[in-house]
Amino acid sequence: LVPYYTKDSQIFTPVDSDKVVMRSLICKEAIMQLIEEIPDIELLWVKDEKQREMQYKETMRKCDCRELIRIIKTIYQRMQSRIAEGKKMTASDEKYFHLAEDRLYGEFAITLGMERDQVRDFISEKVQQKEAVNTV
């Protein structure tokens, strides 16, 4: 396999392995449905730093777009709280935030036919549109 965004890499894995998650890309309809559900996706609150990192790792292994959104949303909320307290984002949160964004936005970009760096704004715009409709 050749990763879409890292053409100079190759991945060799047995096709009958239960250890490696392989699935088809998410379809456009599923993306739009997920984006619509973002406000309702629950956060992943774990107080203990080590337990939180283990939860992030486990969630990343699932390769599930809903779970990636959950990580992004959780870490974003944590980041806002920490900034309000005058603190920085933890190294672990920063690492998993970027990993989750890269995976989610990369997959969405391929399916939606856009650049990866446009996906965040696309999602924000759709969520804001939904919130505006719901407040009217």
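Okay, Glu 107. Glu 107 sits in helix 4, and this is a predicted model, by the way. Is that residue buried or exposed? Its relative accessible area is 11%, and the cut-off for buried is under 20%, so Glu 107 counts as buried. Who does Glu 107 touch, once you skip residues up to four places away in sequence? The list is Arg 23, Ser 24, Leu 25, Ile 26 and Cys 65.

Now hold on to Glu 107, since that residue takes us to the pockets. The largest pocket has a volume of about 970 Å³. Its lining is made of 22 residues, and Glu 107 is among those nearest the centre, along with Pro 3, Tyr 4, Ile 11 and Leu 25. Leu 25, you'll remember, is also one of the contacts of Glu 107. Which element gives the largest share of that lining? That would be helix 4, residues 91–112, with five residues. If you're thinking about the chemistry of the walls, the split is 13 nonpolar, five charged and four polar residues.

On to the second largest pocket, at about 490 Å³. Here 17 residues do the lining, and closest to the centre you find Ile 38, Ile 72, Tyr 76, Ile 123 and Ser 124. Helix 3, helix 4 and helix 5 each put in at least two lining residues. The largest share is from helix 5, which supplies six. By class, this lining has ten nonpolar, four charged and three polar residues.

Let me zoom out for a second. The protein has five helices and zero strands, so reading from the N terminus you just get α-α-α-α-α. The C-alpha atoms fill a box of roughly 45 × 40 × 25 Å along the principal axes. There are 136 residues, and 32% of them count as buried. As for contacts, take the ones between residues at least 6 apart in sequence: 62% of those join residues at least 24 apart.

Right, helix by helix, starting with helix 5, residues 116–135. How do its end C-alpha atoms compare with the expected span? With 20 residues at 1.5 Å a residue, helix 5 should span 28 Å, and the ends are 30 Å apart, which agrees. The buried residues in helix 5 are Val 119, Phe 122, Ile 123 and Val 127. Looking down the axis, those buried residues fall within an arc of 125°, so they line one face of the helix. On the face turned away from that buried side you get the exposed residues Asp 117, Asp 121, Gln 128 and Thr 135. And what do the buried residues pack against? Helix 1 and helix 4. Ile 123 is worth a second look, as a buried residue of helix 5 that is also among those closest to the centre of the second largest pocket.

Helix 3, residues 65–84, gets the same check. Its 20 residues should span 28 Å at 1.5 Å a residue, and the end C-alpha atoms are 29 Å apart, so that agrees too. The buried list for helix 3 includes Cys 65, Ile 72, Lys 73, Thr 74 and Arg 78. Cys 65 is the one we met as a contact of Glu 107, and Ile 72 came up around the centre of the second largest pocket. Packing-wise, the buried residues of helix 3 go against helix 1, helix 2 and helix 4.

Then helix 1, residues 28–37. Buried there are Ile 31, Leu 34, Ile 35 and Glu 37. They cover an arc of only 165° around the axis, which puts them on the same side of helix 1. The partners they pack against are helix 3, helix 4 and helix 5.

One last residue, Asp 40. Where is Asp 40 placed? In the loop between helix 1 and helix 2, with helix 2 running 49–61. Its relative accessible area is 60%, and exposed means over 50%, so Asp 40 counts as exposed. Even so, beyond its neighbours within four places in sequence, Asp 40 is in contact with Lys 73 and Lys 130. Lys 73 is on the buried list of helix 3. And from Asp 40 to Thr 74, 34 residues apart along the chain, the C-alpha atoms are separated by 12 Å.

That's my tour, over to you.

Terms used. Residues numbered from 1 in each chain as written. Predicted model: local features only at pLDDT ≥ 70, side-chain atom pairs only at ≥ 80, totals over all residues. Heavy atoms only, no water. Helix = DSSP H or I, 4+ residues; strand = E, 2+ residues; numbered from the N terminus. Buried < 20%, exposed > 50% of the residue type's maximum accessible area, 1.4 Å probe, protein only. Contact = heavy atoms within 4.5 Å. 1 Å grid on protein atoms, 1.4 Å probe; cavity = no way out; pocket = protein on both sides within 12 Å on 5 of 7 lines; lining within 4 Å. Points joined across faces, edges and corners; volume = space filled by probe spheres on them. Nonpolar A, V, L, I, M, F, W, Y, C, P; charged D, E, K, R; others polar. Expected span 1.5 Å × (residues − 1). Arc of directions from axis to C-beta.
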